[in-house]
Amino acid sequence: MNRERQRKGILSQYITVKDLFRNLPHAVIREMMNCTVREYLPSGSVLFREGDKGMDLYILAQGRLRYEKTGTDGKSDQGEFHKMDILGELSLFTGEPRSATVIAIRDSELIRVPRELALKILSSHPQALLQVTTIIAERLA
């Protein structure tokens, strides 16, 4: 019981720190606590590959990830995700395959928000939807 309470407290800290969820009602945060999954990704491991089916949203709680993407012109693009970045937001909306391969360059901890829950929250809380849209626009720019 104590361990479960501690786990939920840790997840709550991660989720509420991120701008995406900062202004959500406490009832929504509690629902997220019951549905999110904490995942560990050892250094060198692949979270997902370019072309994989995209479903869930991820929040990088600790560590560092690198993305590698091949453009339509055959050129490759690389970049990094840092603590509290979100991943998978584009596939979340479109259901399209993942646009990049994501690899842990350090031992990393992620919070996985299942697609159904993320879409429910985004559809009922416009401020969260606006934040995700802003993140997508910044990455596309």
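The following exchange concerns a predicted model of a protein.

Colleague: How many helices and strands does the protein have, and in what order do the elements run?
Modeller: The secondary structure comes to five helices and eight strands. Read from the N terminus on, these elements run α-α-β-β-β-β-β-β-α-β-β-α-α.

Colleague: What share of the residues in the protein is buried?
Modeller: A residue counts as buried when its relative accessible area is under 20%. By that cut-off, among the 141 residues in the protein, the buried share is 39%.

Colleague: Why is strand 3 largely enclosed by the rest of the structure?
Modeller: Strand 3 covers residues 57-62, and its enclosure follows from the burial of its residues. It is largely enclosed because, of its six residues, the number buried is five.

Colleague: Which residue in strand 8 is the bridge partner of Tyr-58?
Modeller: Strand 3 pairs with strand 8, residues 108-113, in the antiparallel sense, and this pairing extends over five bridges. Within strand 8, the bridge partner of Tyr-58 is Arg-112.

Colleague: Which residue in strand 6 stands opposite Ile-59?
Modeller: Strand 3 also pairs with strand 6, residues 86-87, again in the antiparallel sense, here over two bridges. In strand 6, the residue that stands opposite Ile-59 is Ile-86.

Colleague: What percentage of the contacts between residues at least 6 apart in sequence join residues at least 24 apart?
Modeller: A contact here requires heavy atoms within 4.5 Å. Taking the contacts in the protein between residues at least 6 apart in sequence, the portion that joins residues at least 24 apart is 77%.

How values were computed. Residues numbered from 1 in each chain as written. Predicted model: local features only at pLDDT ≥ 70, side-chain atom pairs only at ≥ 80, totals over all residues. Heavy atoms only, no water. Helix = DSSP H or I, 4+ residues; strand = E, 2+ residues; numbered from the N terminus. Buried < 20%, exposed > 50% of the residue type's maximum accessible area, 1.4 Å probe, protein only. Pairing = 2+ DSSP bridges.
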